Amino acid sequence: MSIVVVGTVAFDTVETPFGRGENVLGGSATYFSTSASFFTDVSLVAVVGEDFPEEHVTFLQSRNIDTVGLQRIPGKTFHWSGRYGYDLNEAQTLDTQLNVLMDFKPVLPESYRDAEYLFLANIDPDLQMQVLEQVRKPKLVACDTMNFWISSKPEALKKVLQNVDIVVINEGEARQFTGEANLVKAARQIIALGCKRLVVKRGEYGVLMFTAETVFAAPAYPLEEVFDPTGAGDTFAGGFMGYLANTGDLSEEGLRQAIVFGSVMASFNVEDFSLNRMKRLEYKEIQARFASFKVLTSFRDISI
Ligand code: AMP
């Protein structure tokens with residue numbers, strides 16, 4: 001099964017304690033679709049400006065990503081600048097230039113409208129809603145967001161959260177959106193809006209997946225070298241949704257396995273700047289790290 005994703009395709013300028021990348025390829029939809037493309041077909045809905053190099057589009061197509069829904073319009077491509085300190089869990093946004101995003105009117109190609117899996121990656125919630133309204137009968141819809149949209153468009157964002165099955169969000173953003181310091185209570189509040197599940201990303205501390213009745217926890221894979229956490233959340237979401245679309249297994253067990261695939265994909269992405277690690281990643285490495293993940297988290301049943 002294929003996934004339709006709407007989100008940003010961007011130029012990022014990123015500084016970490018280990019280096020700096022200027023105007024490198026980034027964006028929520030770029031990371032998501034590249035990651036998901038290891039598991040399933042992906043169709044991209046996004047916008048870029050006249051300054052966006054053809055080589056980046058060629059890269060996405062080389063991953064078998066359908067770019068018919070990638071519009072190129074007059075103006076400059078969305079640009080995000082951020083910095084990470086030694087605590088790599090939280091990005092500090094230095095600048096956000098929406099540029100062509102302000103004039104973007106997503107119109108889904110006819111071939112996208114019967115998609116069964118839809119991911120509304122981090123982008124203006126009004127655009128997320130416009131895309132959601134064009135997909136006829138999706139089997140599973142998930143969304144992400146970030147502090148920028150929580151503070152600038154809280155009402156539009158609330159509408160999106162009320163209309164999806166799964167919300168994928170950072171720990172800090174779950175707290176910011178609800179105004180609730182306790183993460184479990186914040187999760188309950190978001191689920192009460194109407195989604196069935198909430199996946200909370202916690203950087204190097206891993207992921208929590210909540211339903212109204214259950215909680216599942218997965219650690220982040222312990223790495224010796226982390227260079228650039230940019231895109232870790234979107235890469236996680238791409239592995240998570242990609243695996244679900246591949247198997248069609250939406251049971252609790254299937255969703256837990258998808259969480260681990262998402263965590264495996266994110267663990268690769270942070271090993272290099274921009275999408276550099278994803279560009280040289282091979283499926284057999286994903287399988288090997290999944291197996292290590294199983295060893296990492298398995299323990300005996302109680303025996304006393
Ligand atoms: P993350 O997975 O949260 O690290 O996402 C990083 C990506 O989000 C970067 O490549 C940015 O281009 C993109 N981004 C940053 N700010 C925004 C925003 N306000 N809306 C959509 N995408 C953004």
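Q: A salt bridge is a side-chain nitrogen of Lys or Arg lying within 4 Å of a carboxyl oxygen of Asp or Glu. In this predicted model, how far apart are the closest N and O atoms of Arg-113 and Glu-110?
A: Arg-113 and Glu-110 form a salt bridge. Glu-110 has a relative accessibility of 49%, and therefore counts as partly exposed. The closest N and O atoms of the pair are apart by 4.0 Å.

Q: Which residues are linked with Glu-110 in a network of salt bridges?
A: The structure holds 19 salt bridges, and the one between Arg-113 and Glu-110 is among them. Glu-110 also belongs to a network of such links. The other members of that network are Arg-113, Asp-114 and Arg-136.

Q: Is Lys-284, which meets Glu-282 in a salt bridge, buried or exposed?
A: The side chains of Glu-282 and Lys-284 meet at 2.6 Å, N to O. Glu-282 is partly exposed, at a relative accessible area of 40%. The cut-off for exposed is over 50%; with 57% relative accessibility, Lys-284 is therefore exposed.

Q: What is the relative accessibility of Arg-20, the salt-bridge partner of Glu-15?
A: The closest N and O atoms of Glu-15 and Arg-20 are 3.4 Å apart. Glu-15 is partly exposed, with a relative accessible area of 28%. Arg-20 likewise counts as partly exposed, at a relative accessibility of 48%.

Q: Which helix contributes the largest share of the largest nonpolar core?
A: The largest nonpolar core has 55 residues, and those touching the most other members include Leu-44, Phe-119 and Ile-259. The largest share of this core is 9 residues, and these come from residues 252-269, helix H9.

Q: How many residues does the other core, which includes Trp-149, contain?
A: Apart from the largest nonpolar core lies another. Val-6, Trp-149, Val-164 and Ala-174 are among its members. The size of this other core is 46 residues.

Q: Within what arc do the buried residues of helix H2 fall?
A: Helix H2 spans residues 54-62, and His-56, Val-57, Phe-59 and Leu-60 are buried there. Leu-60 is also one of the residues touched by Leu-44. Seen down the helix axis, the buried residues of H2 line one face, because they fall within an arc of 155°.

Q: Which exposed residues does the face of H2 turned away from its buried side carry?
A: The buried residues of H2 line one face of the helix. The face turned away from this buried side carries the exposed residues Glu-55 and Ser-62.

Q: Which residue takes a positive phi just after H2?
A: H2 covers residues 54-62. Just after this helix, a positive phi of about 70° is taken by Asn-64.

Conventions:
Residues are numbered from 1 along each chain as its sequence is written. This is a predicted model: local features need pLDDT of at least 70, side-chain atom pairs count only at pLDDT 80 or more; totals for chains, interfaces and linings use all residues. Side-chain values use heavy atoms; hydrogens and water are left out. A nonpolar core is a set of buried Ala, Val, Leu, Ile, Met, Phe, Trp, Tyr and Cys residues joined through side-chain atoms within 4.5 Å. Buried means under 20% relative accessible area, exposed over 50%, partly exposed in between (1.4 Å probe, protein chains only). Helices (H or I, at least four residues) and strands (E, at least two) are DSSP runs, numbered from the N terminus. Contact means heavy atoms within 4.5 Å. The arc is that of the directions from the helix axis to the C-beta atoms. Lists of a residue's contacts leave out its neighbours within four places in sequence.
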